[in-house]
Amino acid sequence: MSRVLIVGSEGQIGSQLSVELSKTIDFDKLFLSDIKDKSKTDFKYLKVDALSYDDLKKNILDNDISEVYHLAAILSAKGEKVPKKTWNLNMNSLFNILNLAKEKIIKKVFWPSSIAVFGDSSSKNETPQFTDKEPITVYGISKLAGENWCKYYNEAYDTDVRSLRFPGVISYDTPPGGGTTDYAVDIFHSFKSGKNYNCFLNEDTTLPMIYIDDAINAIIKLMKTSKDNLRIKSSYNISGFSMSPKMIADELKNLNKEFDVEYNSDFRQAIADSWPNSIMDNYAREDWDWKENFDFKKTVNEMIHKLNIK
Ligand code: AKB
């Protein structure tokens, strides 16, 4: 059985992925790591700086790790405030992992990309796997470059690096931080605390989304698939459903007529406008049987249930 390391384990995807992986991986074979001193979980935890190749290599060798889920990144909105830091973290941490895979120190890698690789020149609706890509954010540029590097390493050095282009991820446990799609989680927390929500996107901004359980299932399914079945060596399009802020607002207003949402778009509107309205994920469906379990309604109901909203 592989010994597994999650890099960036304390974030939105990492915190849920560790719980799901722990169901099939022995306690002493699963390692979490992040830049924080401690994990909020009881799993084995290593404080690792993903920007230090030596630190990563030492921890990976010491613990005989063969599979890495590299999730550490700065997202789209925050990335615009700290462009150099974003480029440095997003690219150089990936290179560290890719080089460890090239040296055959690690055998298998998962690394998330994003719909942020698309831009104004990409097709807007049912955006296909292959289309023009001119990302307008530093985050998107780093993800597009990262995808191409994954493909390059897979082809030139026979590494096994797998990736998904995530849409906005809607989660109940750990919130996202610094993304353009964060409103889709924040709005539930405002509702729960009895406050109206000030939305930073226009009401009809339609974006592709995925519920966290589906996102985690997709990662696990992709990682279990035989490498020979994977036609995409860069990153697979996937999506759960598409929605706008108004669609969630209407659902929440049905629960409480007093709840109100004001729309005051900021710099994140241009980012959202450059992204697809919906995604065509046929390669994922054909190559590794991807299928979402959560549509819009089911996601809203599940969020209400998980957040214990009365
Ligand atoms: C973001 O909004 O930056 C992320 C993403 C779509 O990659 N959630």
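Q: How far is a nitrogen atom of the ligand from an N or O atom in the side chain of T181?
A: The model is predicted: local features need pLDDT of at least 70, side-chain atom pairs count only at pLDDT 80 or more, and totals for chains, interfaces and linings use all residues. Residues are numbered from 1 along each chain as its sequence is written, and side-chain values use heavy atoms, leaving out hydrogens and water. A polar contact is a pair of N or O atoms within 3.5 Å; within protein, one must be able to donate a hydrogen and the other to accept it, and residues adjacent in sequence count only if both atoms are side-chain atoms. For T181 and the ligand nitrogen the distance is 2.9 Å.

Q: Which residue has a polar side-chain atom 2.5 Å from an oxygen atom of the ligand?
A: The residues around the ligand (a heavy atom within 4 Å of it) include S76, Y139 and T181. The side chain of Y139 has an N or O atom 2.7 Å from a ligand oxygen. The residue at 2.5 Å is S76.

Q: What area is buried between domain 1 and domain 2?
A: Domain 1 covers 4-168 + 210-237 and domain 2 covers 169-208 + 240-281 + 293-306, with bounds from an automatic or database domain assignment. Contact (heavy atoms within 4.5 Å) involves 37 residues of domain 1 and 36 of domain 2. Buried area is the accessible area (1.4 Å probe) that two parts lose on being put together, summed over both. Carbon and sulfur atoms give 57% of a total of about 3,100 Å².

Q: Which three residues supply 23% of the area that domain 1 buries against domain 2?
A: No other three residues supply more of this area. They are Q12, K124 and Y211.

Q: How many residue pairs are in polar contact across the interface of domain 1 and domain 2?
A: A salt bridge puts a side-chain nitrogen of Lys or Arg within 4 Å of a carboxyl oxygen of Asp or Glu, and this interface has zero of them. Polar contacts, with both residues at pLDDT 80 or more, are found there, and the residue pairs number 22.

Q: Why does the salt bridge of K57 and E103 tie together parts that are apart in sequence, and by how many residues?
A: The model has 17 salt bridges by this rule. In one of them, the side chains of K57 and E103 meet at 3.8 Å, N to O. K57 is in helix α2 (residues 53-62) and E103 in the loop between α4 (83-102) and β5 (108-114), so the parts they tie together are apart in sequence by 46 residues. Helices (H or I, at least four residues) and strands (E, at least two) are DSSP runs, numbered from the N terminus; the separation asked for is 46 residues.
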